[in-house]
Amino acid sequence: MAERRGDERGTADVPGDEAGAGEPRRRTASPEEVRAWDDLVATARRTVAEGLVVGTSGNVSVRVGNTVLVTPSGVPYDRLTPEDVTGVGLDGRQVLGTLVPTSELPMHLAVYRTTGALAVVHTHAVHATAVSTLVTELPLIHYMAAALGGPVRVAPYATYGSDELAENMLHALTDRSGCLLQNHGTLTHGTTLAQAYDRTAQMEWMCRLWLTASSVPGLTPSLLTRAQLTEVGERLRGYGQRG
């Protein structure tokens, strides 16, 4: 959806201000929310820089307490400033900022209401979106599927911004931290923006790998078994530095 008029940018209500007729009174962002907004904007800009979205497609959010900070609708990420902080409660009511939140807010809120996620990244990544038009589940082309909880499912198509799409997404996300959205894109979540973004990048890479391997004439790519993926999942639990 389109952003508010330019002269309304960065004019969020503060406690004690008189709200205009029909306008909700909104509060100022806390220091923690200001820091989280900076991270959100940096992540959103990264999705553009690394080719996961074009223009203002896709969206990013992060949860701070019971507030969800989210990219606004229709505003180029390179134009976002600290004064543009946009936030809603878990009920969807806007509590920070004057810019209209992303039209995909139902998906973001559905994730936060049903999981322990603290960050969500949604993109229109090319290879992942292409795969979403071909299969109902990404074939087990690589063991990194285990890092997303198992084989990546494709949520059936529904109109963007709809409750139906949010519901389809939740089913595809069961026991997973990422899924594909048919003829649409990707959605991943994590405990941090960095983790959610990395999961998106891994998913896009796996989709590109499968498309590349599948395109070789006369050959069919070998796939992993569920048992092999389960073994990798056990190993990944102990992956990384200790302490």
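Helices here are DSSP runs of H or I with at least four residues, strands are runs of E with at least two, and both are numbered from the N terminus. With those labels in hand, the tour can begin with the whole chain.

**The whole protein**

Show the full cartoon, keeping in mind that this is a predicted model. It contains 6 helices and 8 strands, and reading from the N terminus on, the elements follow the order α-β-β-β-β-α-β-α-β-α-β-β-α-α. Of the 243 residues in the protein, 46% are buried. If you restrict the contacts to those with a separation of 6 or more, 65% of them join residues 24 or more positions apart. A surface representation would cover about 12,000 Å² of accessible area, and 53% of that area belongs to carbon and sulfur atoms.

**Colour by confidence**

The average pLDDT of the protein is 90, and 87% of the residues score at least 70. Now select residues 1-22, over which pLDDT stays under 50, although the model has 47 contacts beyond four places in sequence for this stretch. Where pLDDT is low, the predicted coordinates should not be read in detail.

**Strand β5, residues 119-123**

Select β5 next and show its side chains: 5 of its 5 residues are buried, so by the cut-off of under 20% relative accessible area the strand is mostly covered. Ala119, Val121 and Thr123 point one way from the strand, while Val120 and His122 point the other way, and all are buried. Adding β1 (59-64) to the selection brings in an antiparallel partner, joined to β5 by 4 bridges; within this pairing, serine 61 has valine 120 as its bridge partner. Adding β8 (185-190) shows another antiparallel pairing with β5, this one with 5 bridges, in which valine 120 stands opposite histidine 189.

**Helix α5, residues 193-214**

Measure α5 from end to end in the viewer. The 22 residues of this helix should span 32 Å at 1.5 Å a residue, and its end C-alpha atoms are indeed 32 Å apart, which agrees. To find its covered side chains, select Leu193, Ala196, Tyr197, Arg199, Thr200, Met203, Glu204, Met206, Cys207 and Trp210, which are the buried residues of the helix. What do these buried residues pack against? Their partners are α1 (31-49), β1, β5, α3 (126-132), β7 (178-181) and β8, so that the strands visited above come back into view here.

**Three loop residues**

Move to threonine 71, in the loop between β2 (67-70) and β3 (87-89). Is threonine 71 buried or exposed? It is buried, because its relative accessible area of 0% falls under the 20% cut-off. Setting aside neighbours within four places in sequence, threonine 71 has contacts with Leu40, Ala44, Asn59, Val60, Tyr77, Pro101 and Thr102.

Then go to aspartate 175, which lies in the loop between α4 (163-173) and β7. Phi of aspartate 175 is near 60 degrees, a positive value in a residue other than glycine, and with a relative accessible area of 64% this residue is exposed.

Finish at asparagine 183, in the loop between β7 and β8. Asparagine 183 also has a positive phi, of about 55 degrees, although it is not a glycine. At 47% relative accessibility, asparagine 183 counts as partly exposed, because exposed means over 50% and buried means under 20%.

How values were computed. Residues numbered from 1 in each chain as written. Predicted model: local features only at pLDDT ≥ 70, side-chain atom pairs only at ≥ 80, totals over all residues. Heavy atoms only, no water. Expected span 1.5 Å × (residues − 1). Buried < 20%, exposed > 50% of the residue type's maximum accessible area, 1.4 Å probe, protein only. Contact = heavy atoms within 4.5 Å. pLDDT = per-residue confidence, 0-100. Areas by Shrake-Rupley, 256 points an atom, 1.4 Å probe, with all protein chains shown as cover. Pairing = 2+ DSSP bridges.
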